[in-house]
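Work through the exercises below with the sequence and the structure open beside you. Try each task before you read its solution.

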Amino acid sequence: MQHSQNQYVIKISCPATSGIVAAVASFLAEHQCYISEMSQFDDEVSSTFFMRAVFRFNTGVADDLAKVEQGFAEVADAFAMSWALYSVNRPMRVLLMVSRFDHCLADLLYRHQKGELNMQITALVSNHLDLRPMAEREGIRFIYLPVSKDNKARQEAELMRIVEETGTELVVLARYMQILSDELCQQLSGRAINIHHSFLPGFKGAKPYHQAFERGVKLIGATAHYVTSDLDEGPIIEQEVQRVDHALRPDDLVAIGRDTETVALSRAVRYHTEHRVFLNGDRTVIFK
């Protein structure tokens, strides 16, 4: 995901009104910027306007993002915008968390190697040692934080210390099989993605594929969502489904499920690292 010129993303959400697109486009044009991509959505339910634009400075013009940032604050004030500016060329700092299942981790590492995911992996944190060799093979810092009832609060505090120390911007639970405390969920609000091994809302509990088998479902899936203190109820970023039939046994469903999990999670991570996701209450707006 390399670009010959520096590219930037501006993300905006604000109360819906006329003139927003014109104001943003005019401002960028006045500051010698070329808009290469622009997406917008007006959520009539919440009367909120969402916009994402990708831009670069015109050829021969020196990049002066600080000046753009400073000047745009006035436009933002006029429309009561929540906004942020990002450099596309700077990879997002991502911390991965795993337990014993390796399929989501293996998929993310592969896509990262191939340049599909614009991220820098800051560390791999696990409550088990099983996947340590995978981290070491990739030269990724491995941090072992075993969790028990007695040390959970202490280990979560240590995790937050690592997040801060490494400058981590996103935490990805790549089949990390521990429930995070409400406090930790709040601290990581909007910057932690989980993969749920089921199509949500759906079969809750430890063996969703077996429950699905018992019910004779014809579709199974996986759901990538932001972590909140309501278990598996966070805003959904991506879902992937597969058709199944009566001939498949629970183990077959688990194998198919592994594929849906890797696809849903990698897409969610890509959307987030490319600044395509907006939180909209309990839902998301995603410009693909």
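A disulfide is a pair of cysteine sulfur atoms within 2.5 Å. Keep in mind throughout that this is a predicted model.

**Exercise 1. Find how many disulfides a search of the whole structure gives, and explain the result for C14 and C104.**

Step 1. The search of the whole structure finds 0 disulfides.

Step 2. Begin with C14, whose closest cysteine sulfur belongs to C33 and lies 19 Å from the sulfur of C14, which is too far for a bond. C14 is also buried, with a relative accessibility of 4%.

Step 3. Turn next to C104, for which the closest cysteine sulfur is that of C185, at 18 Å, and this again is too far for a bond. With 1% relative accessibility, C104 counts as buried.

**Exercise 2. Describe how domain 1 and domain 2 are placed and what area they bury between them.**

Step 1. The domain assignment divides the chain into domain 1, residues 7-87, and domain 2, residues 92-286. Their C-alpha centres are 31 Å apart, and the contact involves 13 residues from domain 1 and 9 residues from domain 2.

Step 2. Between them the two domains bury about 870 Å², of which 58% is on carbon and sulfur atoms. On the side of domain 1, the residues that lose the most area to domain 2 are K11, F50 and R52, which together account for 57% of what that side buries.

**Exercise 3. Identify the polar features across the interface of domain 1 and domain 2, and say which strands supply the side of domain 1.**

Step 1. Across this interface there are 2 salt bridges, and 5 residue pairs are in polar contact.

Step 2. For a salt bridge to look at in the model, take the side chains of R283 and D43, which meet at 3.2 Å, N to O.

Step 3. At least two residues of the side of domain 1 that touches domain 2 come from each of strand 1 (8-15), strand 2 (33-43) and strand 3 (48-57). Strand 1 gives the largest share of that side, with 4 residues.

**Exercise 4. Is H31 buried, partly exposed or exposed, and which residues does H31 touch?**

Step 1. Locate H31 in the loop between helix 1 (20-30) and strand 2.

Step 2. The relative accessible area of H31 is 21%, and because buried means under 20% and exposed means over 50%, H31 is partly exposed.

Step 3. Leaving aside residues up to four places away in sequence, H31 touches F57 and V68. The C-alpha atoms of H31 and K67 are separated by 8.6 Å, although these residues are 36 residues apart along the chain.

Terms used:
Residues numbered from 1 in each chain as written. Predicted model: local features only at pLDDT ≥ 70, side-chain atom pairs only at ≥ 80, totals over all residues. Heavy atoms only, no water. Buried < 20%, exposed > 50% of the residue type's maximum accessible area, 1.4 Å probe, protein only. Domains from an automatic or database assignment. Contact = heavy atoms within 4.5 Å. Buried area = accessible area lost by both parts, 1.4 Å probe. Salt bridge = Lys/Arg side-chain N within 4 Å of Asp/Glu carboxyl O. Polar contact = N/O pair within 3.5 Å; in protein donor to acceptor, adjacent residues only side chain to side chain.
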